[in-house]
Amino acid sequence: MTSVAVLGTGLMGAPMARNLLTAGLRVRVWNRTRDKALPLEADGAVVASSPAEAVEGADVIVTMLSDGDAVHDAVSAAAPGLRAGQVWAQMSTVGVEAAGRLAALAGAHGLTFVDAPVQGTRQPAEQGKLVILAAGPQAARQALEPVFGALGQRTLWLGEDGADGAGTKLKMATVSLGISMTAVVAEALALARGLGLDPDLVRQVVSGGPMDSAYFQLKSKAVLEGDFTPSFTVRNAEKDTRLITQAGESAGVRLDLVAAAGERFRRAEAQGHGDEDMAATYFASFD
Ligand code: NA7
């Protein structure tokens, strides 16, 4: 039976750990704020008190933490429990530069590094319907099969070299789409309201037409119902705008929309909406 260490049980990591348990895998979890990991005990997880304790004896290590520095710190702290040959699936969104840095850290500990960020936020994570954007050696794929099978609806294998960060590069492109779409939907609804209209009229006009989509419905619903329960927080979306901007700069690609979305997320954060769903970028349209 595959044993998995999950480092990070936030909005994404917790349901992912739960799905691994449901699939019958042995799971040890660690989270900086231990209280957030404790509910997973009821599902059969062992809650470790340190990253080192979590990874000891695991076949596969999954990291699902906020950013590259958090992942680097957690895996460095895990060092006493690591053993050469363990497979590390790095599933957080960390950016292209950090993916390379983390691959080097894996190399220093003899770990097999798989760059494997995911498309999808809280609900797909809960439903085991993430799309996994993976790059890593063929040899690791067998060990990861039950893990990725429990977490995702499909895995796109993008190459053998995790250090190249092909998964992370693709994630930069797809997350930019979600971020820009959220900002665009929020702005359209805000404009309608500012012009003295019921913003729901925008939803009514778009519904069923060529601009409609599941994503439009999801984000407009959040705004119209004033329900900003996070699927993906404003804070993490802002982080991603910076990573996407860096990726664009290093590739010589101008990305105007994502920079504008970043400004909106920073304003929303300053207004106190950092822990809410990124649809709360709506508030950034108003003083
Ligand atoms: P959340 O719900 O914001 O969770 C973030 C997790 O990262 C949570 O477990 C945090 O622990 C942890 N974290 C943050 N900073 C640190 C540091 N410095 N050290 C250790 N642990 C840390 O994010 P999501 O689950 O929505 O997303 C996770 C990743 O997937 C992210 O890359 C997204 O872009 C995609 P805490 O509970 O606060 O102690």
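Helices in these legends are DSSP runs of H or I with at least four residues, numbered from the N terminus, and every view shows a predicted model.

**View 1. A nonpolar patch on the surface that includes Leu201 of helix 9.** Leu201 lies in helix 9, which spans residues 200-206. Together with Leu191, Leu195 and Leu197, Leu201 forms a nonpolar patch on the surface, and the four leucines have about 400 Å² of accessible area together. Leu201 has a relative accessible area of 40% and is therefore classed as partly exposed, because that class takes in values between the 20% limit for buried residues and the 50% limit for exposed ones.

**View 2. The ligand and the polar atoms around it.** An oxygen atom of the ligand is placed 2.7 Å from an N or O atom in the side chain of Lys36, whereas the partners contributed by Met12 and Leu65 belong to the backbone: a polar backbone atom of Met12 is 2.8 Å from a ligand oxygen atom, and a polar backbone atom of Leu65 is 3.1 Å from a ligand oxygen atom. Taken on its own, the ligand has 790 Å² of accessible area, of which the protein covers 86%.

**View 3. The shell of residues around the ligand.** The shell holds 20 residues, and those that come nearest to the ligand are Met12, Asn31, Thr33, Lys36 and Lys239. Sorted by class, the shell is made up of 9 polar, 7 nonpolar and 4 charged residues. Helix 11, which runs over residues 234-251, supplies the largest share of this shell, with 3 residues.

**View 4. Leu20 in helix 1, with Ala45.** Leu20 is part of helix 1, formed by residues 13-22. The relative accessibility of Leu20 is 1%, so this leucine counts as buried, the limit for that class being under 20% relative accessible area. Ala45 is 25 residues from Leu20 in sequence, and the C-alpha atoms of Leu20 and Ala45 are 9.5 Å apart in space.

**View 5. Asp277 and its polar contact with Lys219.** Asp277 is located in the segment that follows helix 12, the helix of residues 256-273. Asp277 has a relative accessible area of 3% and is therefore buried. The side chain of this buried aspartate is in polar contact with the side chain of Lys219, at a distance of 2.9 Å.

Definitions and conventions:
Residues are numbered from 1 along each chain as its sequence is written. This is a predicted model: local features need pLDDT of at least 70, side-chain atom pairs count only at pLDDT 80 or more; totals for chains, interfaces and linings use all residues. Side-chain values use heavy atoms; hydrogens and water are left out. Patches are made of residues with over 30% relative accessible area and no salt bridge: like charges are joined within 9 Å, nonpolar side chains (Val, Leu, Ile, Met, Phe, Trp, Tyr) within 5 Å. Accessible areas come from the Shrake-Rupley method with a 1.4 Å probe; for residues, only the protein chains shown count as cover. A salt bridge is a side-chain nitrogen of Lys or Arg within 4 Å of a carboxyl oxygen of Asp or Glu. Helices (H or I, at least four residues) and strands (E, at least two) are DSSP runs, numbered from the N terminus. Buried means under 20% relative accessible area, exposed over 50%, partly exposed in between (1.4 Å probe, protein chains only). A residue is near a molecule or strand if one of its heavy atoms lies within 4 Å of it. A polar contact is a pair of N or O atoms within 3.5 Å; within protein, one must be able to donate a hydrogen and the other to accept it, and residues adjacent in sequence count only if both atoms are side-chain atoms. Ala, Val, Leu, Ile, Met, Phe, Trp, Tyr, Cys and Pro count as nonpolar, Asp, Glu, Lys and Arg as charged, and the others, Gly among them, as polar.
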